[in-house]
Structure formats: C-alpha cells, structure tokens
Amino acid sequence: MSNTIRCDVLVVGGGHAGLMLGAALAHMGFAVRLIERQPLAAIEAAPADGRSLALLAGSVRIAKELGVWPKIAAHTAEIERVEVVDVEGGGRVRYDSRSHGKGPFGVGIEHGRLRKGLLGAFLAEAGHDAWLAGEVAELRREAGVIAARLTDGRTVAAPLVVGADGRGSRVRELARIGVDRWTYGQHALTFVLRHDRPHHGAVHEWLRRGGPLATLPLPGRRTGITWVEPSAEALRLLALEPGEILALFTERSGGVLGRVEIESGPSAYPLGAQHAHRYVAPRLALVGDAAHGVHPIHAQGFNMGVADIGALAEALQAARARGLDLGSGETLLPYARRRRADNMQRLWLTDGLIRVFTNDLPPLKAARSLALGAIERVAPLKRLAVRHGMQTG
Ligand SMILES: Cc1cc2nc3c(=O)[nH]c(=O)nc-3n(C[C@H](O)[C@H](O)[C@H](O)COP(=O)(O)OP(=O)(O)OC[C@H]3O[C@@H](n4cnc5c(N)ncnc54)[C@H](O)[C@@H]3O)c2cc1C
C-alpha cells in the first residue's frame with residue numbers, strides 16, 4: 001500500500017450530504033478525502049435545474065454549528081408562514097412564525113445553489129487535494145483501516161469510509177447492506193418562478209388527489225414549485241408549453257403569486273421511498289439518501305440527511321476525544337441507533353400522509369379534514385405540529 005492515500009475519514013459522494021459532512025469534519029480538524037464521480041468543473045458550471053428545497057429550522061441550526069452556514073446563507077429566503085389546504089376535503093391549517101416566537105420555520109434554497117455553496121465550504125475547509133475525482137470499485141478491510149480502490153487504480157485507506165453516494169449507493173452495495181424500496185407511481189415536476197407579488201416568506205401546500213402542489217420562498221420575488229402528479233399526468237404537463245403550465249399553476253394556486261414566469265425548469269423526478277437495513281458495518285457508515293429516501297410531501301429528505309451528518313460528526317468528535325477507533329462499533333453503533341429510529345418515524349409519517357391525502361375513500365376524506373381542523377383550532381396540537389415540522393433529528 002505504498003502509493004496509498006491516507007486520511008482519517010473517506011467520504012464517497014459529493015452531493016449535498018457528502019459535501020456537508022466532508023466540510024464539517026475538515027472544520028473539526030479531521031483529515032478528509034472525498035470521492036465524487038461527477039467532474040468538479042461540471043458541478044461548478046451546472047445551470048439551475050428548477051429544483052429547490054426547504055431546510056427546516058433544525059437543519060439551519062446544525063449547518064451553523066458545523067460551520068457551513070456562511071457559504072449558503074446569502075442564497076436562502078426565510079419561511080415565515082405555512083398554509084396547508086386539503087383541496088378536496090376542505091380542511092385548512094395556518095402556521096405563522098410570529099405566533100410561536102421561535103423564529104422562521106426554516107429557509108428555501110435552490111438545489112444547485114445549496115450544492116455549490118457546500119462545495120465552496122468543502123474546498124475551503126479541506127483543500128482541493130481532498131477532492132478525488134472518480135468512482136469506488138472495491139472496498140477491502142485491512143489491519144486497522146478500510147481501503148477503497150478507485151476504478152482508475154488509486155487506493156485510499158482510512159479507519160472509516162462514509163457512503164454519501166445517494167439512493168443507488170455503491171458503498172451500501174459493496175458492504176452488502178440490503179435496502180427496502182417502493183414507488184408511488186408519481187413524478188414531481190419542479191420549476192422556479194419569478195413573480196410580481198411578494199411571497200412574504202410563505203409556503204403554500206395544496207393537498208390534492210393527484211399529489212401535493214407546494215410553493216417555497218426563494219430570495220427576491222422568486223418561488224420554487226414542487227408539483228406532484230401521477231406519473232402519466234406529470235409527464236404530460238412536462239411536455240406542455242411554458243405558458244400552458246403557468247396558466248394551470250395560476251388556476252390551481254388561486255393566483256397567490258400574481259403574474260408569473262418560469263426562470264428555470266421544469267424538470268421531473270420519479271418518486272419513491274427506500275430504507276437501508278443497516279446504517280453501519282465495520283469501518284463503514286451511511287448518511288443521507290444512501291441510508292434513506294422519502295417522498296417530498298413533508299420536505300424531509302435532505303433534512304433527515306443533515307441530522308445524520310450532525311449526529312455522525314458529533315460521534316466522531318467524541319470518539320477522537322476518548323481515543324477510540326473511528327471505525328469501531330463503539331463509535332458507530334450509537335449513531336446508527338439514534339438516526340435509524342428518527343428516520344424510520346419520518347419515513348412512515350411521509351408515507352402515511354401521501355397515502356391518506358391521495359385517497360378518495362369518504363371516511364378518510366372526512367378524517368383528514370377533521371385532523372387539519374383540529375390542528376388549526378387546538379393550540380397545543382398546533383405547537384406540537386410546529387415543533388415536529390421544524391426539528392430535524
Ligand atoms: C422533487 C424533490 C423535492 C425535494 N424537496 C426536498 C425538500 O424540500 N427538503 C429536503 O430536505 N429534501 C428534499 N428533497 C430530497 C433531497 O433533494 C435529497 O434528499 C438530497 O439531495 C440527497 O442528497 P445526497 O447527497 O444524500 O444524495 P445525492 O444528491 O444523490 O448525491 C450522491 C452523490 O454521490 C455521487 N456518487 C454516486 N455513486 C458514486 C460512486 N460510486 N462513486 C463516487 N460518487 C458517486 C453522485 O454523483 C452524487 O453527487 C427533494 C427531492 C426531490 C426529488
């Protein structure tokens with residue numbers, strides 16, 4: 001192993017999760033390397049693709065603690081109000097950050113802006129040499145380390161490898177960790193709008209039979225749209241002229257944003273959920289979509305990943321302070337226990353919500369409008385919903 005690159009933690013995958021974890025660990029003084037199969041220049045030059053995501057207040061707190069917030073803050077818009085409407089059942093619930101006194105519910109940010117911000121944070125903290133362009137071909141455990149061989153023949157060895165390589169994780173596969181997965185027969189159509197009315201930091205979500213339609217505030221008079229439909233309908237919408245999509249959006253959103261035009265997108269994503277059977281193996285851990293993937297209805301996906309990253313970074317810092325091996329069960333098992341339980345709960349919550357709100361059975365329709373009505377009227381219930389919605393982990 002004479003030409004082997006050595007480090008404390010090897011991260012595989014340079015999406016949101018891998019970049020945030022890599023930046024955070026480098027910030028804490030760990031020697032980090034990150035393997036990503038997409039070329040750096042392609043990520044830096046990627047045009048906006050119409051995707052946006054909500055980072056909940058709990059994730060913003062973790063991003064601040066981990067030192068990555070300054071690189072993304074300028075691209076975020078605060079979420080001050082949330083309004084959820086059950087279009088067919090008639091229920092409605094409104095949350096306003098001023099009435100619970102704990103600050104914004106979170107922020108909206110474009111997918112590409114977040115990735116470029118996190119990439120900047122990673123390169124500033126870990127240095128350009130820490131970026132290894134390539135793909136992992138093999139993982140082998142040797143005395144005290146796990147060695148990853150890249151497809152170009154290079155080898156990297158570390159006490160711990162972290163799979164942050166997304167839903168189709170090669171690290172998970174090489175570790176022989178199984179995964180349960182299912183699909184919803186839906187696609188999400190995403191685009192970013194420019195509009196003439198201010199959004200006032202409001203998220204609107206219309207829960208419809210075909211799937212939710214949601215707006216997310218972005219900086220300026222700009223809003224991200226996630227519009228879920230059964231796959232055939234979503235692909236039909238994708239093929240429409242921009243003016244036709246905008247007319248349908250304006251009709252379904254009641255014109256809340258005024259005159260609208262498309263800034264980026266639309267693009268479409270098939271929706272499914274999945275959960276890895278385990279999050280850790282000897283000298284190996286999974287974070288983000290490599291560990292779990294959920295329906296976007298409750299904006300949980302990457303927020304669950306941020307909570308994984310916060311928990312793993314904390315576990316590694318504590319292990320270093322106690323002189324423990326970073327890849328040992330003593331270091332990794334508490335991380336897995338803590339995160340699997342929370343993620344499982346969120347996975348079933350989003351799965352249940354999507355099934356209840358896309359179902360036309362009269363008792364379910366009645367139950368869901370009663371539930372929304374109760375949340376709206378009963379203050380402790382509303383506080384509970386706010387707390388759960390804002391927290392990550
Ligand atoms: C329509 C839609 C709306 C969403 N809205 C929200 C939201 O509001 N809030 C929220 O929190 N989440 C949301 N999400 C989910 C969120 O986008 C994902 O959870 C998040 O982007 C996953 O990041 P990741 O880094 O874990 O995985 P990925 O983004 O998949 O990154 C994996 C990376 O690993 C690399 N890679 C893969 N295999 C290899 C290999 N063998 N070797 C080297 N590199 C490899 C890939 O190139 C990629 O860069 C939404 C998702 C969708 C589809």
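UniProt annotations may be inferred rather than shown by experiment, and that is worth keeping in mind as we look through this predicted model.

**View 1. The annotated span and the two domains.**
An unreviewed UniProt entry carries the annotation "domain: FAD-binding" for residues 6-340. Within that span, helix accounts for 32% and strand for 37%. Its end C-alpha atoms are 30 Å apart. The domain assignment splits the protein in another way, into domain 1 (5-47 + 111-181 + 273-354) and domain 2 (71-110 + 184-272 + 363-390). You will find the C-alpha centres of these two domains 29 Å apart. Where they meet, domain 1 supplies 21 residues and domain 2 supplies 14 residues to the contact.

**View 2. The largest nonpolar core.**
In soluble globular proteins, nonpolar side chains tend to be buried together. Here the largest nonpolar core has 76 residues. Which of them touch the most other members? They are L10, L25, L55, F122, W131, L284 and L312. Domain 1 and domain 2 each give at least three residues to this core. Apart from this core lies another one of 17 residues, including A54, V82, L207 and L216. Now zoom in on L312: leaving aside neighbours within four places in sequence, L312 is in contact with L21, V162, A285, V287, L332 and Y335.

**View 3. An open sheet of eight strands.**
Follow the strands across the sheet and you will meet β7-β6-β15-β16-β17-β14-β18-β21, in that order. The sheet is open and its pairing is mixed. At the edges are β7 (92-96) and β21 (292-293), each pairing on one side only. Inside the sheet, β14 (residues 179-195) and β17 (residues 222-230) run antiparallel and are joined by nine bridges. One pair to look for is R194 with its bridge partner R222 in β17. Helix α9 (residues 242-252) packs on the sheet, where it touches β14, β15 (202-208), β16 (211-218), β17 and β18 (260-276). The direction of α9 makes about 75° with that of β18.

**View 4. Strand β12, covered on both faces.**
In a regular strand the side chains alternate between the two faces of the sheet. Are the residues of β12 (residues 155-158) buried or exposed? T155 and A157 on one side are buried, and so are V156 and A158 on the other. Strand β1 (residues 5-6) pairs with β12 in the parallel sense through two bridges, while β11 (residues 145-150) runs antiparallel to β12 and is joined to it by four bridges. A157 is a helpful landmark here: A157 is the bridge partner of R6 and also of A147. The hairpin of β11 and β12 has four residues between its strands, and in this hairpin G153 takes a positive phi near 100°.

**View 5. L237 and its surroundings.**
L237 belongs to helix α8 (residues 231-238). Why does L237 count as buried? Its relative accessibility is 1%, and buried means under 20%. Not counting residues up to four places away in sequence, L237 touches L189, W227, E229, I245 and L248. Look for A268 as well: L237 and A268 are 31 residues apart in sequence, with 9.7 Å from C-alpha to C-alpha.

Methods
Residues are numbered from 1 along each chain as its sequence is written. This is a predicted model: local features need pLDDT of at least 70, side-chain atom pairs count only at pLDDT 80 or more; totals for chains, interfaces and linings use all residues. Side-chain values use heavy atoms; hydrogens and water are left out. A nonpolar core is a set of buried Ala, Val, Leu, Ile, Met, Phe, Trp, Tyr and Cys residues joined through side-chain atoms within 4.5 Å. Buried means under 20% relative accessible area, exposed over 50%, partly exposed in between (1.4 Å probe, protein chains only). Domain bounds come from an automatic or database domain assignment. Contact means heavy atoms within 4.5 Å. Two strands pair if DSSP finds at least two bridges between them. Axes are lines fitted to C-alpha atoms, for helices over the stretch in contact, and angles run from 0 to 180 degrees between N-to-C directions.
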